[in-house]
Amino acid sequence: MIHLDTQIVAWLYLRKMRNLGDAAQRLLRRTSAPVISPLVIVELEILTELGRISPPSVARMIETLEDQIGLVQSDAPLSAVAEAACRFAWTRDPFDRLIVANAMVDGAKLITADQVILRHFDQAIW
């Protein structure tokens, strides 16, 4: 199972797969149904509200990726994700904590460009 971090979802929507590292590109090509934490959607909404990204709508972005690459949302229990996120002292970013924790609970690798996550989460891939 492969999880995608928020920035990766945005790049895939914008068809900027070339922005990804070679290992991440190879892994994505072999994955039929990449997964996102529902928290990725919340973070995308906030980024849209702040004007950092400007999709037609986040819902449309997710629907497009569901159709194009088979994107699915994790159904991991929120209580398990929250419990795992409490173990991370290496970041104060709540979205990073929860997105990494969701990947951990699902036993998944996480494709990310975030250097902090890459340094601290053994299952992070660039």
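1. Arg15 sits in the loop that runs between helix 1 and helix 2, and in this predicted model its backbone deserves a second look. The phi angle of Arg15 is near 60 degrees, which is a positive value in a residue other than glycine, and this positive phi comes just after helix 1. With a relative accessible area of 61%, Arg15 counts as exposed, because the cut-off for that class is over 50%. Arg15 is also one of the residues that line the second largest pocket, a point taken up again below.

2. Helix 1, which covers residues 6-13, has quite another setting from the loop that follows. Seven of its eight residues are buried, so helix 1 is largely enclosed by the rest of the structure. The buried residues are Thr6, Ile8, Val9, Ala10, Trp11, Leu12 and Tyr13. Ile8 and Val9 also belong to the largest nonpolar core, where they are among the residues that touch the most other members.

3. That core merits a point of its own. In soluble globular proteins, nonpolar side chains tend to be buried together. Here the largest nonpolar core has 40 residues, and those that touch the most other members are Leu4, Ile8, Val9, Ile36, Leu44, Ile62 and Ile111. Which residues is Ile62 in contact with, leaving aside its neighbours within four places in sequence? They are Val9, Ile36, Ile41, Leu44 and Leu71, and of these Val9, Ile36 and Leu44 are themselves listed with Ile62 among the core residues that touch the most other members.

4. Val58, in helix 4, can be read together with Ile62. Val58 has a relative accessibility of 1% and therefore counts as buried. Not counting residues up to four places away in sequence, Val58 touches Ile41, Leu44, Glu45 and Thr48, so that Ile41 and Leu44 appear in the contacts of Val58 and of Ile62, and an α-helix offers a general reason. An α-helix has 3.6 residues a turn, so residues three or four places apart point the same way. Along the chain Val58 and Ala85 are 27 residues apart, and their C-alpha atoms are 24 Å apart in space.

5. Ile53 lies in the loop between helix 3 and helix 4. Setting aside residues up to four places away in sequence, Ile53 touches Leu44, Leu47, Thr48 and Met61. Ile53 and Ile8 are 45 residues apart in sequence, with a C-alpha to C-alpha distance of 13 Å.

6. The largest pocket has a volume of about 250 Å³. Of the 13 residues that line this pocket, Asp5, Thr6, Gln7, Glu43 and Leu47 are the closest to its centre. Helix 1 and helix 3 (38-49) each supply at least two residues of the lining, and the largest share, four residues, comes from helix 1. What is the make-up of the lining by class? The lining has five nonpolar, two polar and six charged residues.

7. The second largest pocket has a volume of about 170 Å³. Its lining is made up of Leu12, Arg15, Met17, Leu28, Arg29, Thr31, Pro34, Leu65, Gln68 and Ile69. Helix 2 (22-30) and helix 4 (58-69) each supply at least two of the lining residues, and helix 4 gives the most, with three. By class, this lining has six nonpolar, two polar and two charged residues.

8. Thr31, one of the residues lining the second largest pocket, is found in the loop between helix 2 and strand 2 (35-36). Is Thr31 buried or exposed? Thr31 has a relative accessible area of 19% and is buried, because the cut-off for that class is under 20%. A polar atom of the Thr31 side chain lies 2.7 Å from the backbone oxygen of Leu27.

9. Asn102 and Asp75 close the note with two opposite settings, one buried and one exposed. Asn102 lies in helix 6, residues 94-106, and is buried, with a relative accessible area of 2%. Leaving aside neighbours within four places in sequence, Asn102 is in contact with His3, Ser37, Pro38, Ser74, Ala76 and Val81. Asp75, by contrast, is in the loop between strand 3 (72-73) and helix 5 (78-85), where its relative accessible area of 73% makes it exposed. The C-alpha atoms of Asp75 and Asp106 are separated by 8.8 Å, although the two residues are 31 residues apart along the chain.

Definitions and conventions: Residues numbered from 1 in each chain as written. Predicted model: local features only at pLDDT ≥ 70, side-chain atom pairs only at ≥ 80, totals over all residues. Heavy atoms only, no water. Core = buried A, V, L, I, M, F, W, Y, C linked by side-chain atoms within 4.5 Å. Buried < 20%, exposed > 50% of the residue type's maximum accessible area, 1.4 Å probe, protein only. Contact = heavy atoms within 4.5 Å. 1 Å grid on protein atoms, 1.4 Å probe; cavity = no way out; pocket = protein on both sides within 12 Å on 5 of 7 lines; lining within 4 Å. Points joined across faces, edges and corners; volume = space filled by probe spheres on them. Nonpolar A, V, L, I, M, F, W, Y, C, P; charged D, E, K, R; others polar. Polar contact = N/O pair within 3.5 Å; in protein donor to acceptor, adjacent residues only side chain to side chain.
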